[in-house]
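Here is a friendly walk through the inner spaces and the core of this structure. Have the sequence and the model open as you read the points.

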Amino acid sequence: MTTRLDPRSAAARMIRVDQAGEFGATRIYEGQLAVMGDRGPDSAEIVEMARQEADHRARFDALMARRGVRPTALHPVWSMAGFALGAATALVGPKAAMACTAAIETEIDRHYTEQLEVLGDSDPELAETIREFRDDERAHRDAALAAGAEQAPAYPLLFNAIRLGCRAAIKLSERI
C-alpha cells in the first residue's frame, strides 16, 4: 500500500534526512577505502560498516518510494562532501578515519534518539527502522572507538568539527 506523506510532515522530513545521511555515510566509507584500499588496519571493518550503511540506504530508498517522499535536493553536495571527508580523514591516517566514524555515529545516535522521541507510537514501521539503524550506528561508533579513534591527531577538534558539520547537514537535508 502506498501512503503519500505531506512533504512538510515530520515523518517525511525524517525519511528524507535519514536517507540522505545513509547515502552520505556510504560516500564517506567509499572515500576512506579509495585512500586506504585493503591495506589499512581497519579496512575490513570499514567494508562491513559500508555494507550496513548501503543496506540502510536501500531500505530508506524503498520507504521513500512507498510513501512518496522526495529526496533532498542536496544529494550531489552530500555525494562530493561525503567522499571528500572520507578521503581526507583516511589521508590523515587510520585513527583519523575511525575518529570520523566515531563523530558521525555519535551525532547520528543523538539524531535518531530524538526522532524516536518525536515519533512515539505514531509510526511503528518508521520507529522500528530507526531503532534498528540506531543500534547499528552505535555499534559502528563503538568499533571506531575500539580501533583507536581517540588517538587520532587533534581528536577533540576533529571529532567536534565533524559533529558540527553533521548537525548542519541534518538541518539542511530535512528541508531542502
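1. Let's begin inside. A25, I28, Y29, E53, C100, T101, I104 and E105 line the largest cavity (on a 1 Å grid over the protein atoms alone, a cavity is a set of points where a 1.4 Å probe fits but cannot get out, and lining residues have an atom within 4 Å of a point). Helix 1 and helix 4 each give two or more residues to this lining, and helix 4 gives the most, with four (helices are DSSP runs of H or I, at least four residues, numbered from the N terminus).

2. This is a predicted model, in which local features need pLDDT of at least 70, side-chain atom pairs count only at pLDDT 80 or more, and totals for chains, interfaces and linings use all residues. Residues are numbered from 1 along each chain as its sequence is written, and side-chain values use heavy atoms, with hydrogens and water left out.

3. How confident is the predictor? The average pLDDT of the chain is 88, and 95% of the residues score at least 70 (pLDDT is the predictor's confidence in each residue, from 0 to 100). Helix 2 has the lowest mean among the elements, 89, and helix 3 (residues 75-92) the highest, 93.

4. Back to the cavity: its volume is about 50 Å³ (the space filled by probe spheres set on the grid points, which are joined across faces, edges and corners). Its lining comprises five nonpolar, one polar and two charged residues (Ala, Val, Leu, Ile, Met, Phe, Trp, Tyr, Cys and Pro count as nonpolar, Asp, Glu, Lys and Arg as charged, the others, Gly among them, as polar).

5. I104, one of the cavity-lining residues, also belongs to the largest nonpolar core, where I15, F60, M98, I104, L126, I130 and Y155 touch the most other members of the 41. Such a core is a set of buried Ala, Val, Leu, Ile, Met, Phe, Trp, Tyr and Cys residues joined through side-chain atoms within 4.5 Å, buried being under 20% relative accessible area with a 1.4 Å probe, protein chains only. Helix 4 supplies the largest share of this core, twelve residues.

6. Finally, the largest pocket holds about 430 Å³ of space (a pocket is an open set with protein on both sides within 12 Å along at least five of seven lines). Among its 25 lining residues, G21, G24, I28, C166 and A169 lie nearest its centre. Helix 1 provides the largest share of the lining, eight residues.

Definitions and conventions. Buried means under 20% relative accessible area, exposed over 50%, partly exposed in between (1.4 Å probe, protein chains only).
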